[in-house]
Amino acid sequence: MRKKRADRMPHLSHLSAMAYTWPARWYQQGRMFALKRLERHPVLHGKHMLNISRIGWWPYNGLDILRFLD
């Protein structure tokens, strides 16, 4: 189980680094909008925190897109 989690972490780390390296103002505003949306919904916030903390892995699904847009 730990091997699966460990294999996902470099990819997640790379995506996170990509999200914070673009200096464009429109991109920064979009990132802040997305993070606020994630914080607003308890399920999405829980998934996000679980995934980035490396405690566990809770994959996103199609329903999460609807939750995000809500």
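**Close-up views of helices H2 and H3**

**View 1. The axes of H2 and H3 (residues 42–53) come within 5 Å and cross at roughly 110 degrees.** Angles of 65 to 115 degrees count as roughly perpendicular, so H2 is roughly perpendicular to H3. By class, the contact between the two helices has four nonpolar, two polar and two charged residues. This is a predicted model.

**View 2. Residues at the contact of H2 with H3.** From H2 come Leu-35, Leu-38, Glu-39 and Arg-40. They meet Pro-42, Leu-44, His-45 and His-48 of H3. Leu-38 is also buried, as is Leu-44 in H3. Glu-39 and Arg-40, in contrast, are exposed.

**View 3. The length and buried side of H2, residues 25–40.** With 16 residues at 1.5 Å a residue, H2 should span 22 Å; the end C-alpha atoms lie 23 Å apart, which agrees. Arg-31, Arg-37 and Leu-38 are buried in this helix. They cover an arc of only 125 degrees around the axis, which puts them on the same side of H2.

**View 4. The face of H2 turned away from its buried side.** Exposed residues sit here: Arg-25, Trp-26, Lys-36, Glu-39 and Arg-40.

**View 5. H3 and its buried face.** The twelve residues of H3 should span 16 Å at 1.5 Å a residue, and the end C-alpha atoms are 16 Å apart, which agrees. Leu-44, Lys-47 and Asn-51 are the buried residues of H3. Down the helix axis they fall within an arc of 65 degrees, so they line one face. In an α-helix there are 3.6 residues a turn, so residues three or four places apart point the same way.

**View 6. Just after H3.** Here Arg-54 takes a positive phi of about 70 degrees.

Note on methods
Residues are numbered from 1 along each chain as its sequence is written. This is a predicted model: local features need pLDDT of at least 70, side-chain atom pairs count only at pLDDT 80 or more; totals for chains, interfaces and linings use all residues. Side-chain values use heavy atoms; hydrogens and water are left out. Helices (H or I, at least four residues) and strands (E, at least two) are DSSP runs, numbered from the N terminus. The expected span of a helix is 1.5 Å times one less than its number of residues. Buried means under 20% relative accessible area, exposed over 50%, partly exposed in between (1.4 Å probe, protein chains only). The arc is that of the directions from the helix axis to the C-beta atoms. Axes are lines fitted to C-alpha atoms, for helices over the stretch in contact, and angles run from 0 to 180 degrees between N-to-C directions. Angles under 35 degrees count as roughly parallel, over 145 as roughly antiparallel, 65 to 115 as roughly perpendicular and the rest as oblique. Contact means heavy atoms within 4.5 Å. Ala, Val, Leu, Ile, Met, Phe, Trp, Tyr, Cys and Pro count as nonpolar, Asp, Glu, Lys and Arg as charged, and the others, Gly among them, as polar.
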